Amino acid sequence: MSEDGVAAAAAVERVATRIETERDYLTELDSAIGDADHGGNMARGWAEAAEAVAELDDPDAATVVKTTGKTLMAEVGGASGPLFGGSLVFAAAELDDGITADSAVAFAETYLEKVTDRGDARVGDQTMVDALTPAVHTFKKSIEVDELSPLDALAKAVAAAERGVAYTVPIRASKGRASYLGWRSVGHQDPGATSTLFILEELLAAAEAALDTTAPESADATSPTIPDEEA
Ligand code: ADP
Ligand code: MG
C-alpha cells in the first residue's frame, strides 16, 4: 500500500469508529429538527465504507476516498448521503497524485464546492455548510497565507468547524428537513454540521498518527468565514 493509502484507510477506520460512538448523539440532534435518522445512517455508511476500504488491494489515497464516497452514497441515504458521498467521489480526483499540502487544499475546496453545488446551501442556512465552509477557508488560508504545516492548518480548520457548529444553534434553517420548522429550528445544533466536525476531528487525529506528531494545543483559528467573538 502506498503510504498515503495506508493513512487514508486508517482515517476512514477512525471516522467509522467515532461516528459509531456518536450515533445516539447525532440521532438526538436530528430528532429535534429532523427525522432522527442521521446517527443511524452515518454509522451504517461509515462502517460499510471502512469495510469496503479494508477489502481494497493496495489502494492509493484517491481510491480510498472514492470507495468511501461511493459507499456513503449507497448506504447513508437521506439528504446527507449524496452530499457527503457524492462530493467525496468528485473531490477524490484531486488526490490522484497523492496527499500534499497543495492537493489537500484542492481536495478541500473541491469538496466544499460540490457540497454547495448539490445542496445549494450557503453559510447561515443551518446545515453542514456552516461547519465545512469556515474549515475549508481556514485550511486554505493557513497553508497559503500563513504558511503553516498541513497538520497545523488542519488543527485550525477543526477549531473553525467547531465555531461553525456553534453558529448553527442561534440561526434558522433554510435548507433541508429542518427548514420545514421555520423559526422553530432556532436554538438547535445542526446534525450534519456536527458530524462534519467529528469527521474533521478524526482526520486530524489520523494525520497526527500518520505523521507521529501532535498539532499545538492553541489552535484557536481566526476564521475568514465566521469571525471570532472578540473580532
Ligand atoms: P435527512 O434530512 O434527509 O433525514 P440526514 O438526517 O442524514 O438527512 O442529514 C441531515 C443533515 O443534512 C442536516 O443536518 C444538514 O446538515 C444536511 N443538509 C440537509 N440539506 C442540506 C443541503 N441542501 N445542503 C447542505 N446540507 C444539507
Ligand atoms: Mg434526518
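1. Let's start with aspartate 37: in this predicted model, its relative accessible area is 26%, so it counts as partly exposed. Aspartate 30 comes out at 9% relative accessibility, which means it is classed as buried, the cut-off being under 20%.

2. Why look at those two? Asp30 and Asp37, together with Asp35, are the protein donors of the magnesium ion (ligand 2). Each gives an OD atom, and the donors lie 2.0 to 2.2 Å from the ion. Along the chain, the magnesium donors follow the spacing D-x4-D-x1-D.

3. Aspartate 35 is worth a second look, as it turns up at ligand 1 too: one of its polar side-chain atoms sits 2.9 Å from an oxygen atom of that ligand. Two other side chains also have polar atoms by ligand 1 oxygens. For aspartate 190 the distance is 2.5 Å, and for arginine 177 it is 3.3 Å.

4. How much of ligand 1 does the protein cover? On its own the ligand has 560 Å² of accessible area, and the protein covers 93% of that. The space ligand 1 takes up is the second largest pocket.

5. Which helices should you click on around ligand 1? Those giving two or more residues to its shell are helix H3 (38-54), helix H5 (80-91) and helix H9 (191-211). H9 gives the most, with 3 residues.

6. As for the whole neighbourhood, 20 residues surround ligand 1. The closest are Ala79, Ser80, Gly119, Met128 and Asp190, and Asp190 is the residue with the 2.5 Å side-chain contact from point 3.

Note on methods
Residues numbered from 1 in each chain as written. Chains lettered and ligands numbered in written order. Predicted model: local features only at pLDDT ≥ 70, side-chain atom pairs only at ≥ 80, totals over all residues. Heavy atoms only, no water. Donors = N, O, S within 2.8 Å, 3.2 Å for Na, K, Ca; no water. Buried < 20%, exposed > 50% of the residue type's maximum accessible area, 1.4 Å probe, protein only. Near = heavy atom within 4 Å. Polar contact = N/O pair within 3.5 Å; in protein donor to acceptor, adjacent residues only side chain to side chain. Areas by Shrake-Rupley, 256 points an atom, 1.4 Å probe, with all protein chains shown as cover. 1 Å grid on protein atoms, 1.4 Å probe; cavity = no way out; pocket = protein on both sides within 12 Å on 5 of 7 lines; lining within 4 Å. Sits in = over half its atoms within 2 Å of the grid points. Helix = DSSP H or I, 4+ residues; strand = E, 2+ residues; numbered from the N terminus.
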